[in-house]
Each structure stands twice: as C-alpha cells, then as structure tokens.
Amino acid sequence: MEEGRPDPELILAQLRMEEEKNREGQLKIFFGAAPGVGKTYAMLEAARQKLADGIDVVAGMVETHKRKETEELLKGLELIPRRQVEYRGTTLSELDLDRALERKPAIILVDELAHTNATESRHKKRWQDIYELLGAGISVYTTVNVQHIESLNDVIAQITGIRVRETIPDFLLDRADEIELIDLPPGDLLQRLREGKVYVSELAARAKESFFRRGNLLALRELALRRTAERVDAQMQTYREVKGVREVWPAGERILVCIGPNPLSIRLIRAAKRMAAGLRAEWIAVHIEAPSKVKPSEEDLRRLSEHMRLAESLGAETATLSSHKASEKILSYARDRNVTKIIIGKPTHPLWKDRLFGSLLDEVVRGSGKIDVYVITGDTSEPVPRPVARAAPQGASIAEWLLSLASVAACTGLAALMRPLFNPVDAAMVYILGIMVIASKAGKGPSVLSTFLSVASFDFFFVPPFYTFSVSDARYVLTFFVMFAVASVISRLTLRVRAQADAARQRERRTAALYSLSRKLVHERGIENLSSIAARHISDVFSSHVVVLVPDEGGKLTVPATGPETFALDQKEMSVAQWAFDHRQRAGLGTDTLSGAKALYIPLGAASKTVGVIGVLPGPTQEFFDQEQVHVVESFANQTAMAIERAMVSEEAQQSLLKAETEELRNTLLSSVSHDLRTPLAAITGAATTLMQKDVTLKASEQLELVQTIHEEAEHLNQIIRNVLDMTRLDAGAITVKKEWQPFEEIVGAVLNRLSERLGDRPLKTNLPEDLPLLVSFDPLLIEQVLMNLLDNSLKYTPEGTPLEISAFVKDGEIVMELADRGPGIPEGEEERIFEKFVRGSGSGGGIGLGLTICRAIITAHGGSITAENRPGGGAVFRFSLPLGEQPPLPEPED
Amino acid sequence: MAEDNGLILLIEDEPQMRRFLRVTLQSNGYRLVEAPTGQEGLMQATTRSPDVVLLDLGLPDIDGIDLTRRFREWTEVPVIIISAREQEEDKIRALDAGADDYLTKPFGAGELLARIRVALRHSILRQTGQKDPVFVLDELRVDLSTRQVFLKEMEIHLTPIEYRLLAVLIRNAGKVVTHTHLLKEVWGPVYAEQTQYLRVYMAQLRRKLETDPARPRFLINEPGVGYRLRISA
C-alpha cells in the first residue's frame with residue numbers, strides 16, 4: 001500500500017460534504033450531561049461574541065426560564081416573535097419557522113434541540129425545523145442533553161430509571177459542525193440545584209429527586225464526555241484519511257441486527273447502533289417475514305414500522321426479507337452483504353417451544369461460521385405483549401351462515417341414512433367432515449356455529465336417549481369432547497391456511513404488479529407516459545389515488561399527466577409535495593413531517609438526484625398506510641424514479657445531440673454563407689468600382705454589361721439569403737403551415753409570372769389537365785417557395801434553351817406535380833442525397849445547397865413527399881405530391 | 001429637370017434605401033420629401049400634401065398599419081407599402097387598412113415606377129371623377145356601360161359574379177386587390193372569409209379570358225395576398 005497517498009475518493013467525498021455544508025448552514029450544538037449545566041448560558045455568550053464580531057445573530061427560541069443572568073445575556077439580541085399555538089385551552093409558543101426563514105439571519109439560536117412541536121406545526125420535532133433552517137443556509141446554535149440521544153436512550157433509562165420520551169436521532173450529532181461540551185462536575189451541579197438555579201419543568205419535578213442523584217450525574221457526565229470524544233475521534237479519523245495518514249485500517253465491519261414487532265427490538269437496534277458507532281461500521285436492520293405465518297396484527301405492523309423507522313433514523317439500512325426458514329435467510333443475506341456481526345435477541349418464549357419447533361437462535365449460531373453472533377438480553381421489566389396471530393377480520397356473509405346450517409342438516413341426514421349400517425360414533429366422523437367443508441369455505445363465525453350445532457345434533461339424534469340432549473352413557477362425553485376439539489382444531493387450521501393463501505396472494509399480486517410496472521416502464525418513452533403508467537399501477541394495487549409530480553425547469557413540481565387515477569393537489573398539498581421533493585424525505589400522511597396532509601408523498605430518488613414525488617391518497621376504505629405498504633409503494637417509487645431518470649437522461653442526451661447538430665449546422669452554414677455570399681459580392685463590388693472610376697471612359701455597352709452584372713448578382717444574393725432564412729426558420733419550427741383551398745394552376749401561374757424575366761424564351765410546357773380537382777389545400781406561400789426553388793434549380797443546372805415541362809395529375813388520392821428537364825440529369829446514386837443540407841449540384845452558379853432541403857421540409861410538413869430521378873431519354877424529373885383530402889363546400893353554380 | 005410628375009413622400013428609416021429611391025425617383029421627374037420616422041411622415045403629409053406616399057412597414061416608431069389607418073382618416077392619397085419578406089402578414093393588413101399597393105424588398109426600379117404610375121392614375125381618376133366606360137388591355141375589351149366583355153373582338157359570356165369580379169379588378173386595374181376586399185365587394189361582408197368562393201370564380205374567369213390559365217397574362221395571382229389585373233405599364 002502506498003503510504004501517504006490520500007484516497008482520492010475520500011477526498012472527493014470530503015469535498016462534497018464540505019460543499020454541501022457550505023451551501024447549508026453550520027450546526028453548533030451545546031451539549032450537556034444534565035439540565036442546569038449552563039448550555040443556554042454558554043450559547044448566549046457565544047452568540048454575543050459573534051454579534052460583537054458584526055455577525056447577524058438572532059434568537060429564534062431561547063428558554064431563559066426567567067433566570068436573571070441568562071435574561072441579561074439575551075438583552076440586545078434580536079428576537080424572532082414566537083408562533084402562538086392554541087392547544088387544548090392553553091397557549092403554547094413555538095419557533096416561527098417561516099418567519100425565521102424569511103428573516104434569514106447568519107446565525108439563529110434555537111434552544112432545546114429535542115423539543116417536540118405542538119401538533120399543527122409543520123414538523124413533529126424541532127430538530128426537523130433546524131434541519132430546514134440549515135438547508136436554507138442559516139447557521140444554527142442549539143442545545144441538547146445527553147439523555148436525548150436516541151442510541152443512548154435505553155442505557156440512560158437503565159441508569160436513571162427515567163425514560164426520556166423526547167429523543168433526537170444520532171445523525172444530528174454527526175451532522176453538527178461543532179459540538180461544545182458544557183461540562184460541570186456533579187458536585188457543582190447539585191450545589192446549583194440546591195440554590196434553585198436549575199430549572200426543572202413541573203412534570204419532571206417528581207422525578208427530580210431520583211434524577212439528580214450523584215451516581216446518575218456521574219454516569220451521565222461520563223456518557224456525555226464519551227459521546228463527545230467519539231465524535232472528536234471520528235473527526236480525527238476523517239482528517240487522517242483525507243491527509244493520507246492511514247495507519248488505522250478501516251475495520252470493514254458490517255453489522256446485521258434482526259428485529260421484529262416485539263418491543264425488545266428497540267433495545268437490539270440501539271445496541272447495534274452503539275456497536276456500529278464504536279466500530280465505525282455500517283449496519284443493517286433486517287426483519288424476516290414468514291410467509292407461512294398468519295397475517296400479523298395491525299398493532300404488530302405499526303410497531304414493526306416504528307422499529308424500522310427508528311433503525312433508519314439511527315443510520316441503519318433496513319430490509320424486509322421473506323422466507324419460510326428465517327435462520328437460513330438471515331445467514332444467506334448476511335453472507336451476501338459481507339456482514340461480520342449478527343445481533344439477535346435472546347429468546348423470550350419457553351424452552352419447550354424450541355425443543356418442539358427448533359430454535360432460530362441455535363440455528364443461526366450453528367450456521368454462522370465466521371460471522372460473530374451477539375445475543376442481547378430482553379428488558380424483562382417491560383411488559384412484553386405477545387403478538388397475537390389472528391386471521392384477518394372479515395365479516396361472514398349471510399350465505400356463509402346459511403351454508404353452515406345447511407351443512408349440519410345435510411350431515412344429520414347422511415348420518416341418519418348410515419345409522420342401520422354403522423356404529424353411532426361414526427356419525428361423528430360425518431359431522432367432522434361437514435365442519436371441514438364449512439371451515440374451508442366460510443369464515444370463523446359460521447365454522448364455530450357449525451361445530452356447536454354438529455355436537456348438539458350428534459347428541460340429539462344419535463346418542464341415546466335419542467331426541468334429548470341428555471346423555472346416558474358417560475363414554476359419549478369423551479366423544480363430544482374429542483369431536484369438539486378435532487372440529488375446532490381443523491377449523492382453525494383451515495382458516496389459517498386460507499389466511500396464508502390470502503396473504504400470499506396479496507404479496508403475489510404486489511410482486512406481480514411491481515414486475516409488470518417495471519416491464520411497462522421499460523417500453524415507455526417520455527416522462528408524461530411514464531408517470532401516468534406508474535400512477536395507474538400504484539393506484540390499482542393500493543386502491544388509492546396516485547399522482548406523480550415532476551419538477552419543471554425552475555425546480556417547481558408540476559403534474560405531467562392527469563387521469564381518473566390521479567387526484568388534484570391544492571396549495572397545501574402541493575407545498576407538502578414540494579417539501580418532500582426539496583428535502584428528499586417522505587412527508588405528509590403517516591410521516592413525521594407535515595402529517596396533517598391528506599396524502600403521503602414519497603420522493604422519487606434516482607441514482608443521481610431526486611426526479612420527482614409520488615403522492616398517494618388513501619382510498620375511502622383505508623385511513624393510512626402501514627409500513628409494509630409504504631415499503632411497497634417505495635419499491636414502486638424506485639422503479640418509477642429509475643425510469644423517469646432514464647427518460648430525463650435520454651431527453652438531455654437528445655437535446656445535447658440536437659445542440660451539437662445545430663452547432664454543426666451553424667458552422668457549415670457560416671462557412672457556406674461566407675463563401676457563397678462573397679462570390680456575388682465580389683462581382684458587385686468590382687462592377688460598381690469600375691463604374692465609379694472617373695478617369696476611365698467606358699463604352700455604353702460596357703457600362704450596361706457591368707450594371708447587368710450588379711443586378712444579376714444582387715438577385716443571386718437575395719436568393720441565397722432567402723434560403724438561409726427559410727432554413728433557419730424551418731429548423732426552429734417557426735414556420736407553420738397555413739393551408740388554404742386554391743386551384744393548383746394559380747400557384748403555378750404566380751411562380752411563372754414571378755420568374756418570367758429569368759425564363760425568357762426558355763421553352764416551357766405546362767400540362768395541367770382540366771379535370772384536376774378544382775381546389776387543393778396547401779399553404780400558398782410555402783408551395784410557391786417549393787416551386788420557385790425547383791424551377792430556379794432547373795434554370796440554373798440545365799443548359800440555356802433546353803425545354804422544361806410542368807405537369808400535374810392525380811394519383812392515389814394525392815395530387816402529384818412534376819417538373820422535368822432535359823439537362824445533364826442527377827449523378828448516379830445522388831438522387832436522395834441532393835435533398836440533404838449543403839449538398840449542391842456540380843456546375844457553376846450554384847446556391848448553398850439548401851433549396852431542395854427546404855422543399856422537402858415544406859412538403860413533409862404538408863404531409864406529402866418529394867423525390868427526384870433521372871428521366872428516360874436524359875434529364876431529371878422532380879416530383880412532389882400533396883394529399884388531396886375532401887373538397888370544401890363550393891358555391892352553387894350560377895344561372 | 002423640366003418635367004414634374006408629382007410629389008412623393010418617402011417614409012423610410014434606412015438611409016441606403018432612401019438614397020436609392022431618391023436617385024431613382026428624382027431622375028424620373030418626381031419631387032421628393034423624405035421622412036425617416038412615422039411621426040415625421042405624418043407631419044410632412046399634412047404640410048406638403050404629396051401625390052403618393054411610399055411607406056416602409058418596418059419603421060422604428062409607428063406600426064405601418066396604424067400609420068396607414070391614420071392617413072385614411074383624413075386623406076385619400078395613394079399609399080404604397082414597401083415591406084421585407086418577414087412582414088407578409090402586416091402587408092395584407094395594411095392593404096386591408098386602406099393602402100393601395102405593395103412592393104416586396106428587394107424590388108427593381110421599373111417595378112416601383114410602374115406602381116407609382118398606377119397609383120397616380122387612380123388618384124387622378126378619383127379626383128376628376130372621369131371614367132372611361134371602355135377598358136382596353138391588349139385584346140381584352142370591357143365595356144363597363146353595357147357590361148360586355150370582348151376577347152379578340154369575340155364577345156365572352158360572363159356570369160353576373162364573374163363580371164362583378166372582373167369589374168372590381170378593372171376599377172383597381174394595376175393594383176393588388178386583397179382576397180377580403182374582393183369577397184366583400186362581390187359577395188358582401190358576410191362572405192369575407194369564404195376564400196374558396198373567390199378561388200373558384202377566379203379559376204372560371206381565367207379559363208374564359210386567358211389562353212393558358214397556367215401562365216395568365218391579365219389575372220395575376222399574388223400568393224397569400226390577392227389578385228391584380230395586370231396593365232401595360
């Protein structure tokens with residue numbers, strides 16, 4: 001390994017980070033171990049220092065808790081008025097984010113990073129407000145205590161016995177440009193507390209006693225110091241890597257943590273985060289979904305989604321995998337991802353279950369090979385709600401209830417018929433068969449009903465004494481019991497199988513939909529089509545309204561395609577979508593940001609940038625989306641994002657190609673024009689200067705000749721310039737075809753009239769039969785131009801005195817016009833090429849090779865075609881056709 | 001310069017064009033007033049009362065169409081529009097606003113002088129009120145009092161509309177007459193947009209009067225603008 005040579009990728013990453021940071025504001029955190037160490041005070045002092053340096057500092061939100069020294073410091077600082085929020089009768093004051101953004105100071109002070117905003121606020125958490133301020137290029141000074149750090153949350157709960165509800169994600173600390181640790185020895189803090197200098201909220205007053213204990217404070221102080229040291233260490237590490245100091249090899253560790261809906265998972269997640277931070281490793285939180293399991297309860301799903309989000313907020317990558325055999329899947333996934341450590345929870349279920357069904361933990365440990373497996377204890381003090389497996393609740397229809405009654409009746413009938421042949425106990429078998437049929441067809445209610453009815457009927461009809469519910473033989477009680485047990489087990493199993501099948505079908509449907517979406521997207525071109533296809537698919541799968549938004553050139557979101565599956569966004573929804581786009585984060589319904597929105601907005605993050613936003617409005621039957629659904633929507637969003645990015649890239653490529661072509665055209669044009677304009681100009685200048693000579697007397701005939709030269713060359717120049725202008729206008733798409741109904745002969749007449757001088761006595765035959773359609777629809781000026789160019793070419797390229805012939809006829813619903821000459825013809829193989837730009841015929845007096853190109857452009861715009869070929873017997877023929885269409889209403893004939 | 005063919009007001013902002021026109025017109029016996037802007041042109045028109053106005057459409061201050069309209073508010077002086085090719089649309093609107101004729105740049109001196117002569121002739125006719133009841137053009141002879149049309153001394157039968165069409169063109173002989181103008185005159189204002197009516201009758205008229213309708217000698221089509229009855233200049 002080369003020593004001292006910095007890794008270029010690292011430097012780039014560092015540069016990128018720094019660039020990003022320069023655009024964004026700087027975040028400075030005043031970090032303390034406990035309330036009362038003087039964070040706010042330190043922050044204000046720092047602010048005053050900055051103010052004295054002439055920097056624009058304002059106080060966005062500072063809690064002085066009416067302490068005199070602090071209030072003293074706040075004086076002279078500009079305050080941003082707080083936003084007053086009415087909440088359940090009390091008035092809360094919050095940071096006015098919009099006003100702060102509008103004021104745009106260099107530095108803003110926002111106390112209490114971990115604060116939770118009042119509902120109705122844009123963001124749930126204050127740190128999100130701060131993120132937005134940073135994004136707007138405003139630097140932020142803020143304060144936080146160690147117990148609010150997410151990954152330390154449960155450690156601190158263990159130490160102090162108090163669980164802090166307001167937490168901030170760890171990446172905020174990593175994001176901070178500067179962390180200032182405000183350290184105060186526990187003794188001094190306790191002293192201040194006794195002097196009443198520490199503000200403790202009323203709510204926490206009860207906890208005050210247990211919290212401010214010397215032992216606690218020592219532990220907290222240590223945690224705060226350690227967390228700060230870790231960060232300094234990380235900074236040092238980055239610095240060393242960038243500077244090429246590389247004695248410390250990156251560990252290359254990767255941690256996988258297995259989580260589920262069980263609340264213990266939170267502990268696992270935090271432990272994984274701590275371990276990952278210590279090892280500077282990446283980490284992945286994985287949930288294994290067993291397709292054989294019954295659909296998990298809403299509660300489980302909600303918790304699972306919370307856990308996933310927690311892991312994400314702590315910097316983990318999350319994945320949901322699906323497998324019958326969880327242990328195998330975990331291990332194979334871990335190997336695929338080069339995981340070095342697996343964290344798994346200690347089992348909380350009784351041992352016999354493991355004996356019976358096999359232990360996940362054992363299997364993972366046994367199969368782990370080189371991977372270390374860490375088993376973490378569950379916190380037994382917290383109640384562990386067992387996830388209850390249950391079938392998807394669904395109301396049974398009347399038909400199902402009737403079916404269950406009918407089945408019992410049928411079984412009774414069948415058993416009655418069998419009675420002479422079989423033992424009465426066999427009748428029980430018939431009933432069990434019936435119960436199986438019902439369980440497989442109907443819901444839970446009807447199944448239970450049929451079980452009860454079956455046992456009752458069996459007793460009533462087949463157990464002596466007959467036709468009473470009393471039982472003479474005690475043996476039958478056992479029969480009833482077994483019958484009941486068998487029936488209910490069968491019914492439960494059948495229901496479970498059905499639920500599994502349903503779940504599998506649903507998954508199948510989503511996977512199939514995803515697959516079909518990706519297949520469709522591949523074949524589509526254009527952002528409009530792509531977005532409408534994506535919207536339609538997602539709307540189908542989730543029975544909701546879906547809209548895809550893409551940014552315009554100014555970065556403002558617009559809806560490229562609307563349809564029955566889309567929904568209209570009002571100002572408010574639009575701003576939520578815009579927020580999601582600008583911040584590349586989910587927003588709206590069911591998220592932490594702007595959760596008051598009607599719909600959920602997911603950014604379309606492609607490889608290089610965010611290409612848009614997908615908005616999903618739940619249908620009338622759903623209220624929100626669970627984590628699983630959000631994940632599926634996200635996979636749809638990913639597909640869409642990739643497709644849209646592809647479309648954007650190809651559009652950009654096309655545009656740059658077009659630009660290159662235009663560039664090339666311009667260059668060719670310039671070189672052509674400069675040459676072709678100079679030739680006639682030279683002749684004009686020459687002739688004119690000769691005429692102007694004073695001392696030379698020219699004969700009258702000589703004078704005339706010079707003047708004629710000037711005139712002809714000027715005409716030539718005019719022709720060239722007209723063609724160049726037309727070409728550029730055609731290229732720019734500025735020419736629109738204005739069709740009018742008119743006789744074809746009229747336009748021929750106009751052109752011949754215009755060129756009469758040049759035609760001179762050139763023999764010209766016009767062959768326009770009387771039976772041509774009276775009116776043809778075309779743009780007179782453009783077609784005049786075509787005829788002019790063609791005729792001009794013929795005059796230019798054919799020898800003086802050779803005949804020309806113009807004829808028109810109707811063929812296959814088109815009017816065809818031909819201009820034939822007896823000139824030298826078109827060189828072999830050039831028949832197509834002469835229509836290209838800047839291709840000119842050999843021979844003198846040529847233009848710049850645009851005439852025919854313009855003709856083709858005009859004819860194509862009319863929906864016709866133009867070709868050239870050599871004539872039998874010598875010469876060339878140019879032929880163009882125009883569609884005829886229906887004749888317009890004609891005036892009634894007179895007389 | 002003994003002859004005086006009339007006073008021409010030239011409203012044109014390009015000095016090169018003015019120089020060319022000055023030389024051409026003065027050497028052909030016209031007196032000339034020049035105005036580089038529309039404002040100046042309006043002022044000169046009121047003080048000098050010219051016989052013909054040559055108006056360039058691309059003036060820096062006033063739109064040519066507006067200028068034509070303002071002339072028409074108080075004078076019937078013939079206005080000939082000079083336009084570049086890009087001003088095609090404006091040209092037609094100026095004609096409909098009351099201009100008498102147009103020339104597209106670049107144009108030759110002969111063409112310009114012919115247009116001026118036609119304009120002056122119409123102006124004199126209008127002023128004196130004298131009208132020759134018989135219009136003669138090569139072998140075409142139209143007796144406007146008896147409504148008879150002769151070609152090579154053979155009477156040609158025209159339908160009433162054909163005749164009216166021809167009459168309007170004769171009344172404006174040598175000048176371009178826009179489609180709209182012809183439609184309004186012959187069919188009435190309601191038909192101003194029905195250009196295909198006009199096309200059909202013009203085609204019929206051409207077939208009756210022209211030896212080769214594809215190379216007409218009298219009824220000249222000005223693509224996109226209108227028709228002109230060519231007179232020997």
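Let's start in the middle of a sheet in chain A, where A:Phe31 sits opposite A:Leu181 of S8(A). Everything here comes from a predicted model, so read the contacts and angles below in that light.

What else does A:Phe31 face? In S7(A), its opposite number is A:Val144. That residue is a handy way into strand S1 of chain A, residues 27-32, which has a partner in each of these two strands. With strand S7 (residues 139-145), S1(A) pairs in the parallel sense over six bridges. With strand S8 (residues 178-182), S1(A) also runs parallel, and five bridges join them. Now, how much of S1(A) is buried? Six of its six residues are, so the strand is largely enclosed by the rest of the structure. You can check this face by face: A:Leu27, A:Ile29 and A:Phe31 are buried on one side, and A:Lys28, A:Phe30 and A:Gly32 are buried on the other. A lysine is on that list, so it's a spot to click on in the viewer.

Further along chain A there is an open sheet of five strands, ordered S11-S10-S9-S12-S13, with parallel pairing. Which strands stand at its edges? They are strand S11 (317-322) and strand S13 (372-376), each with a single partner strand, so one side of each has no neighbour in the sheet. On average, and ignoring direction, neighbouring strands are turned by 25° against each other. Zoom in on the S11 end: strand S10 (residues 282-289) of chain A runs parallel to S11(A), and six bridges join the two. One place to find that pairing is A:Ala285, which stands opposite A:Thr318 in S11(A). A helix packs on this sheet too. Helix H13 (residues 326-336) of chain A touches strand S9 (254-259), S10, S11 and strand S12 (341-345), and its direction makes about 155° with that of S10(A).

One more stop in chain A: A:Phe462, which belongs to helix H18 (residues 444-462). Is this residue buried or exposed? It counts as buried, because it has 23 C-beta neighbours inside 10 Å, and the cut-off for that label is 20 or more. Setting aside neighbours within four places in sequence, A:Phe462 is in contact with A:Ala415, A:Pro424 and A:Ala427. Of these, A:Ala415 is 47 residues away along the chain, yet the two C-alpha atoms are separated by 8.5 Å.

Over to chain B. Its secondary structure comes to eight helices and 12 strands, and 36% of its 233 residues count as buried. If you take the contacts in chain B with a separation of 6 or more, 56% of them link residues 24 or more positions apart.

A good place to look inside chain B is a pair of helices. Helix H3 (residues 64-74) and helix H4 (residues 88-96) pack with their axes 9 Å apart, at an angle of about 10°. That angle makes H3(B) roughly parallel to H4(B). From H3(B) the contact takes B:Gly64, B:Ile65 and B:Thr68, while H4(B) supplies B:Asp90, B:Arg93 and B:Ala94. By class, that's two nonpolar, two polar and two charged residues.

H3(B) is also two-sided. Its buried residues are B:Gly64, B:Ile65, B:Leu67, B:Thr68 and B:Phe71. These cover an arc of only 160° around the axis, which puts them on the same side of the helix. They pack against helix H2 (38-48), strand S3 (52-56), strand S4 (79-83) and H4 of chain B. Over on the other side of H3(B), B:Glu73 and B:Trp74 are exposed.

Chain B has an open sheet as well, this one of three strands in the order S10-S12-S11, with antiparallel pairing. Strand S10 (176-178) and S11 are the edge strands, pairing on one side only. Neighbours here are turned by 30° against each other on average, direction ignored. Between S10(B) and strand S12 (residues 226-229) there are three bridges, and B:Val176 has B:Arg228 as its bridge partner in S12(B).

Finally, how do the chains meet? 22 residues of chain B are in contact with 27 residues of chain A. On the chain B side, the elements giving two or more residues are helix H6 (160-171), helix H8 (195-209) and strand S11 (219-222). H8(B) gives the largest share, six residues. Sorted by class, this side of chain B has 11 nonpolar, five polar and six charged residues.

Notes: Residues are numbered from 1 along each chain as its sequence is written. Chains are lettered from A and ligands numbered from 1 in the order in which they are written. This is a predicted model: local features need pLDDT of at least 70, side-chain atom pairs count only at pLDDT 80 or more; totals for chains, interfaces and linings use all residues. Two residues are in contact if their C-beta atoms, placed from the backbone, lie within 7 Å. Helices (H or I, at least four residues) and strands (E, at least two) are DSSP runs, numbered from the N terminus. Ala, Val, Leu, Ile, Met, Phe, Trp, Tyr, Cys and Pro count as nonpolar, Asp, Glu, Lys and Arg as charged, and the others, Gly among them, as polar. A residue is buried if 20 or more other C-beta atoms lie within 10 Å of its own, exposed if 12 or fewer, and partly exposed in between; C-beta atoms are placed from the backbone. Axes are lines fitted to C-alpha atoms, for helices over the stretch in contact, and angles run from 0 to 180 degrees between N-to-C directions. Angles under 35 degrees count as roughly parallel, over 145 as roughly antiparallel, 65 to 115 as roughly perpendicular and the rest as oblique. The arc is that of the directions from the helix axis to the C-beta atoms. Two strands pair if DSSP finds at least two bridges between them.
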